Amino acid sequence: MSVLVDEDTRVVVQGITGGEGKFHTEQMIEYGTNVVAGAVPGRGGQEVAGVPVYDTVAGAARAEDANAAVVFVPPAFAGDALFEALDAPVDLVVAITEGIPTQDMSRVYRQLQDTDTHLVGPNCPGLITPGVAKLGILPGNIFEAGNVGLVSRSGTLTYQVVDNLTERGLGQSTAIGIGGDPIIGTDFIDALSLFEDDPDTDAIVMCGEIGGEDEEDAAAYIDDNVDTPVVGFIAGRTAPPGKRMGHAGAIVSSSGTGTAESKINALEAAGVPVGDTPNEVADHVEDLF
Amino acid sequence: MRLHEYQAKEVFADAGIPTPDAALARTVDEAVEAAGEIGYPVAIKAQVHVGGRGKAGGIKLVENDDEAREAADEILGMDLKGYTVDSVLVEEAVDFVNELYVGVTMDRGEGQPVAMVSTRGGVNIEEVAAEDPDAIAREHIDPAFGMHQYEARKVVYEAGVDQDIAMDVASILSTLYELWEERDGADAEINPLMVTADDEVIAADAVFNLDGDALFRQQDLAEIEDKAAGDDLEAKANEYGFDYVRLSGNVGIIGNGAGLVMTTLDLVDYYGGKPANFLDIGGGAKAERVANALDMVFSDENVDAVVFNIFGGITRGDEVANGINQALEQFNDIPKQVIVRLAGTNAEEGMEILNTDLVQVEATLEDAVQAAVTAADEVEQ
C-alpha cells in the first residue's frame, strides 16, 4: 500500500518534448512508472521515449486512460498547463516547474478547491512509491520499499533524509516532495492525513523549513488527528530575517514570523521529536521500531 | 524585487493615486534647486531599500535653502544599514491631520490576496499587527474576480476610517489592488496615506515589491531595478544566477537545493562554527557553475574554509567533481581549504575523479561539516 501513487497510476507528461520532460520521462519509465502519454500543443501524433504525444491533456487522458499528470512546462505557461490538467480531469497533478508567478498559483489554487484532484507542488521533486512508481525527478536508487511515509518541502533534503533511513534498512511507503513555493497544492496536513489512513505507513517523517505557518498548523493537526508516530526536521535555524533562502517560500519575515524555532516548538509541543541533524531523524525513527 | 520609493510613487501616480510634488536628486545642488522649485517646507528622503529610514537619519524635514543643503549633504553618501545613499527624493512636506495605512499582499496560508486598511498609519504596520491585530481590517479577495468595489468600501469602513474621506480611501485601495494585480505585486503599500485638514488624501510613502518570478512579463519594471544596490557579493551572485545570501561567519557553504543548503548552514552552527553564506547552485549544475560558485565564496574575505555538499538527483557527482578539479587546478595556491562531500547520482564516480591533493573528501554530511568547522577554526587562530 501507499498513498497517491500505486500500480494503477497512468501518467500523462505535460511538456514531454522539452529537454527535462524527455529525460525524466525516460527515467520514470525505467523506474517502472506507467507513462501512457505526453501532451504538448502542436505535437500531437509524435512519439517521445516510446510514448504517444497528444495536443491536449483531455485528449491524452481520454485516449490512454491517464489518471495522473506530471508537469514540466516552463513557468510562463505552467499556470495554464495546471488549469488544463484540472480540466482534463485527472486525479493527481504533479507540478515540477519552479518559478511560477505567485498570482498564477493563487488562481490555480482557487480552481483546485472546486475539484477532487490532488495537486503536488509546484517547485517540487514529485513523489515516489518505492518499487512501484515515481512521478517526478527523484533519484529512484536511494529509495527502498518500507513503512515510513515521508513528506518534505525540499528535494535534496528529502534525498539526504531518505539516504539516512535506507542506510539503516528503514524503507519508505511513499515519499512526497510538496514543494518550496508560498502557494502549493498538497500541504503537510493533506499528506499527514493520507499517511494516517494508509494501513502500511507505520511512521511519518515530516521535513519542514522556515517561512509561513504550515508546520505550526501541521503540529496542531497532528496533536488532534494523527495516531501514527511522526518525526520532524526543520531547516533554516540559522536563516536571517528578511532574506529568501533559495525557495520562494523560505523566508523569515522581518517581523519575525516563520522562524525555525517557532516550528520546532510547535512540533515538540505536539509530541513530535525533532532531529537536530538528518541523521538524528533516522535515530528517532529507528527508536520507534 | 523592490522598487525605490520614487519609482513606486511614479507607478502609483501614473495610475491616478495622489502623491506629493517631488523630484529626484543625485547631488546636493540638484536637491537645493528642487527644494526651491517645490517650495518649503520639503522632506529630503534617502532612496535605499532599508526599512526605518526616518529613525536611522535618512529622512529630514527642512525649511530653507541652507537647511536643505545641510541635509542633502549629510544624507547623500551616507551609509544606511550597509547601503550607500546615492540619491534623495525631495518632496513637498504634507501638512497632515491624520495618517492611515492601506496595503495589498498575498496571504500565503489562504492562497489568496488580502487587502488591509488601518487608521494607525505612519508607524511600522508589522508592529501594529503584533500589538493590536484588531487595529487592521482585512478583506480576502477572490483572485478569479479581483476586488469588487464593495470589498474596498467594506474594509475601509471596517477599519473605522472617517466617513468624509472613506470613499476616497476606498477608491485609492481599488486602484492599488488593480496595480498589484496587473503589475504582479508581491506587496503594495501606502504608509502613511496622509489626510490633510481639508480632507485631501495623499500617498506620502509608497512600497511596491514585485514577484521576482513574474519579471518576464513586467519587463519595464524589471529594467528599472537598481542592480547596483546592496552587497557587492550579492550583486555578483545575481549575475551568476545563484540563490545567495551573505552572512557574517567564516565557513563558506556551497550546495544544491534550498533545503539541503539551509540544513548545511544549520549543521555548521550545530557543530560550533559560523556560516558565511547560503549558496544554492541549483539542480543539474555543470562545471562552469561549480567554478563560479567557488569564485563567489573565495571572493568573500570572511571565509576561512569551504564545505561543498552535493546530493545528486538531477545533478551528477562526476560533473561536479570535474568542475571542482578544473576550478582549483587554476590556482598555484588554493585560497581556502575546500571540503567536499558527494552523494546520490554518480557520487562514487565523482569521488574517484576528485583530486585529493586539492580538496579534502568526506563521506557524510556530518563529517564534512565538522571538518570545515575545524579547518576554519585553525585559520582563525
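**Chain B, its helices and its partner**

Trainee: In chain B, what share of the contacts with a separation of 6 or more comes from residues 24 or more positions apart?

Mentor: Keep in mind that we're looking at a predicted model. Take the contacts in chain B with a separation of 6 or more, then pick out the ones between residues 24 or more positions apart. Their share comes to 68%.

Trainee: How many helices and strands does chain B have, and what percentage of its residues is buried?

Mentor: The secondary structure of chain B adds up to 13 helices and 18 strands. Its C-alpha atoms fill a box of roughly 75 × 50 × 40 Å along the principal axes. Of the 381 residues in chain B, the buried portion is 46%.

Trainee: Which element of chain B gives the most to the side that touches chain A?

Mentor: Start with the contact itself: 47 residues of chain B meet 50 residues of chain A. Several elements of chain B each supply at least two residues to that side, among them β8 (112-118), α4 (125-131), β16 (305-312) and α13. The side of chain B that touches chain A splits into 23 nonpolar, 12 polar and 12 charged residues. The top contributor, with 11 residues, is α9(B).

Trainee: Are α9(B) and α13(B) parallel, perpendicular or oblique to each other, and why?

Mentor: Helix α9 (residues 258-270) of chain B packs on helix α13 (residues 365-380) of chain B at about 55°, with the axes 9 Å apart. Angles of 65 to 115 degrees would count as roughly perpendicular, and those under 35 as roughly parallel. The angle falls in neither range, so α9(B) and α13(B) are oblique.

Trainee: What is the handedness of that crossing, and which residues of α9(B) make the contact?

Mentor: α9(B) passes α13(B) in a right-handed crossing. On the α13(B) side, the contact uses B:L365, B:E366, B:V369, B:A372 and B:V373. Counting both helices, the contact residues are six nonpolar, one polar and one charged. From α9(B) come B:T264, B:L267 and B:V268.

Trainee: Which element supplies the largest share of the largest nonpolar core?

Mentor: That core has 156 residues, and those touching the most other members are A:V12, A:V71, A:V93, B:L279, B:I339 and B:A372. B:A372 also takes part in the contact between α9(B) and α13(B). With eight residues, the largest share of the core comes from α13(B).

Trainee: How many residues are in the second, separate core?

Mentor: Among its members are B:A8, B:V102, B:I141 and B:W180. This second core is separate, and its size is 42 residues.

Conventions. Residues numbered from 1 in each chain as written. Chains lettered and ligands numbered in written order. Predicted model: local features only at pLDDT ≥ 70, side-chain atom pairs only at ≥ 80, totals over all residues. Axes fitted to C-alpha atoms, helices over the stretch in contact; angles between N-to-C directions. Helix = DSSP H or I, 4+ residues; strand = E, 2+ residues; numbered from the N terminus. Parallel < 35°, antiparallel > 145°, perpendicular 65-115°, else oblique. Left-handed = near helix turned anticlockwise from the far one by under 90°. Contact = placed C-beta atoms within 7 Å. Nonpolar A, V, L, I, M, F, W, Y, C, P; charged D, E, K, R; others polar. Core = buried A, V, L, I, M, F, W, Y, C linked by C-beta atoms within 7 Å. Buried ≥ 20, exposed ≤ 12 C-beta atoms within 10 Å, placed from the backbone.
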